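Student: I would like to go through this structure slowly, asking at each step how a label was earned. Could you set each value against its cut-off for me?

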Amino acid sequence: MSADYINFNKPYLTGKEAHYLYQSVLSGKISGDGIFTKKCHEFFKTKYGFKKVLLTTSCTDALEMASILINVKPGDEVIAPSYTFVSTVNAFVLRGAKIVFVDSMRDSPNMDVSKIEELITPKTIAILPVHYAGIASDMDAIMEIAKKNNLFVIEDAAQAIDSYYKGKVLGSIGDFGTFSFHETKNIISGEGGLLTINNEKYFDRAEIIREKGTNRSAFFRGEIDKYGWVDVGSSFLPSDIIAAFLYAQLENIDDIQGKRKHIWKQYHAQLKALEEKNYIQLPHIPEYATNNAHIFYIVCKSLEERTNLILALKASNIDAVFHYLSLHKSPFYADKHDGRQLPNCDRFSDCLLRLPLFYELTDEMINKIVSVINKFYLKK
Ligand SMILES: Cc1ncc(COP(=O)(O)O)c(C=O)c1O
C-alpha cells in the first residue's frame, strides 16, 4: 500500500492507554468491575447524567442483555429499521422474536416514525430506534407511540456517544440504550460496549444478567453475605483491562469530538456545492438533533454511480466504503420478512457512501478527497 493511502478509519490513541493498562495490571484485579470499570461508570453518570450504566463486552452484548431484560418470548414482535447492523435485531431473534422492519426516511437512514403505528399488533413488544451516524431518531414520536401501546423502547446508540435529542442525551430516553466502543467508533476500546438502564425497576436484574445469572455484584458491594444462581444470564462484563483502555479515551472525549466535528464540517462545507447542483445528497441534521460527527456520508444517485465513485477514489488511494445491506433482503431474513417494500432503506443500501473520518485526517487529506469527488461529478 502506498504511503499516501488514506484509510477509511484509523483508530486514534490518546497516549494514555498503555499507562492505564499497566496500572490495571498492577492493581492485581484484571477481571470485570475493577478500578477502571468503576471510573468509566462514574464518567458516564457524571458527564451525561445516566442513572445506571454497565460496561459490556460489546454493543451486541448490551442488546442481548436488553432482550433478556424485557423477557422476549418466541413469537413476540419487535419493530426495527432494516437499514442497520445485524446485532440490532439478532439479539431479539436469538430469543425467538419476529422482526417487523420499518422503512427509513427519505432524507435520513433513521426509522420513519410515521410508519410505526400501522405495524403494531397485539404481539408487538418493543421498538428499536437506531440513531444512524449518531444523529437522533425522532424520540418524542417514538416514546409517545410506545407509551400509548405499552411497548419497550431500546435505543441502539452504538454510534451515538455524546449526541443529543432536544437536549436529552441519546441512550437516556428509552427504557435502555446500547453503545459500542468497537475500534470504528468515536470512542474505542477495540471491542466494547455499554448498557444504560433508565428505569429503576431493571437496575438489579441487569447486574444479575451481566454476571451469569448470579447476584455476585451485590455480594461484592457487601449487600448480601453469599451469592448464588438467581436468574438466567451470561458473561457480559469486560475485563478491567478493556475498561482501562476505554478510560484513556473518555478522558479525551472533548478533544476527540472537537476534531471529528471539524472534519465533518470541512466535508460538509466543501461538498455543499455538489448537493446544490443536485449531484449528491448530504446528511440532514433535524432541528431536534445534534451531530456527533460519527460518520460523514454522501448519497449517490445509483448503485452504479456509487461503485464508480468508490473506484475513482481507490484509484487516488482513498478508501471510501458503503454501509449496511437491507436486512429484510438478507439471506437469513428474506423469507421471514412479510414482503413489504422498503424503498428508502434499499436506496441507502445501494447509494450511501461513507468518506474517511478519523482523528488524524488532515485538512490536506480532506481537500484531496473532495477534489477527487468534484472531478468525478464535474469532470474537471
Ligand atoms: C447500529 C449498530 N448496532 C450495533 C452494533 C454492534 O456493535 P458491537 O460491534 O460493539 O457489538 C453496531 C456496530 O457497528 C452498529 O453499527
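Student: Which helices supply at least two residues each to the shell around the ligand?

Tutor: In this predicted model, helix H3 (59-69) and helix H4 (86-93) each supply at least two residues of that shell. The shell holds 15 residues, and the closest are Thr-60, Asp-156, Ser-180, Lys-185 and Tyr-324. Sorted by class, the shell has 5 nonpolar, 8 polar and 2 charged residues.

Student: What makes the approach of Thr-60 to the ligand a polar contact?

Tutor: The cut-off is a pair of N or O atoms within 3.5 Å, and a polar side-chain atom of Thr-60 lies 2.5 Å from an oxygen atom of the ligand, so the pair qualifies. Ser-180 has a polar side-chain atom 2.7 Å from an oxygen atom of the ligand, and for Tyr-324 the distance to a ligand oxygen is also 2.7 Å. The ligand taken alone exposes 390 Å², of which the protein buries 92%.

Student: Why is Ser-87 called buried?

Tutor: Buried means under 20% relative accessible area, and Ser-87 has 9%, so the label fits. Ser-87 lies in helix H4, and its side chain makes a polar contact with the side chain of Thr-60 at 2.8 Å.

Student: What makes strand E8 largely enclosed by the rest of the structure?

Tutor: Strand E8 covers residues 176-180, and 5 of its 5 residues are buried, so the strand is largely enclosed. Phe-176, Thr-178 and Ser-180 point one way from E8, while Gly-177 and Phe-179 point the other way, and all are buried.

Student: How do you know that E8 pairs with strand E5 and with strand E9, and in which sense does each pair run?

Tutor: Pairing requires at least two bridges between the strands. Strand E5 (residues 152-156) and E8 have 3 bridges in the parallel sense, with Asp-156 standing opposite Thr-178 in E8. E8 and strand E9 (residues 193-197) have 5 bridges in the antiparallel sense, and there Phe-179 stands opposite Leu-194 in E9. Both counts satisfy the requirement, so both pairings stand.

Student: How many disulfides does a search of the whole structure find, and why does Cys-40 not form one?

Tutor: The search finds 0 disulfides. A disulfide is a covalent bond between the sulfur atoms of two cysteines, and the cut-off used here is 2.5 Å between those sulfur atoms. The sulfur of Cys-40 is 16 Å from the closest cysteine sulfur, in Cys-59, so the distance is too far for a bond. For Cys-300 the closest cysteine sulfur, in Cys-351, is 6.7 Å away, again too far for a bond.

Student: Are those two cysteines, Cys-40 and Cys-300, buried or exposed?

Tutor: Cys-40 has 0% relative accessibility and therefore counts as buried, and Cys-300, at 4%, counts as buried too.

Student: Why is Asn-252 called partly exposed?

Tutor: Partly exposed covers the range between the 20% limit for buried and the 50% limit for exposed, and Asn-252, with a relative accessible area of 24%, falls in that range, so the label follows. Asn-252 is found in the loop between helix H8 (240-250) and helix H9 (253-276), and its side chain reaches the backbone oxygen of Ala-248 at 2.9 Å. The C-alpha atoms of Asn-252 and Asp-112 are separated by 34 Å, and the two residues are 140 residues apart along the chain.

Technical notes: Residues numbered from 1 in each chain as written. Predicted model: local features only at pLDDT ≥ 70, side-chain atom pairs only at ≥ 80, totals over all residues. Heavy atoms only, no water. Near = heavy atom within 4 Å. Polar contact = N/O pair within 3.5 Å; in protein donor to acceptor, adjacent residues only side chain to side chain. Areas by Shrake-Rupley, 256 points an atom, 1.4 Å probe, with all protein chains shown as cover. Helix = DSSP H or I, 4+ residues; strand = E, 2+ residues; numbered from the N terminus. Nonpolar A, V, L, I, M, F, W, Y, C, P; charged D, E, K, R; others polar. Buried < 20%, exposed > 50% of the residue type's maximum accessible area, 1.4 Å probe, protein only.
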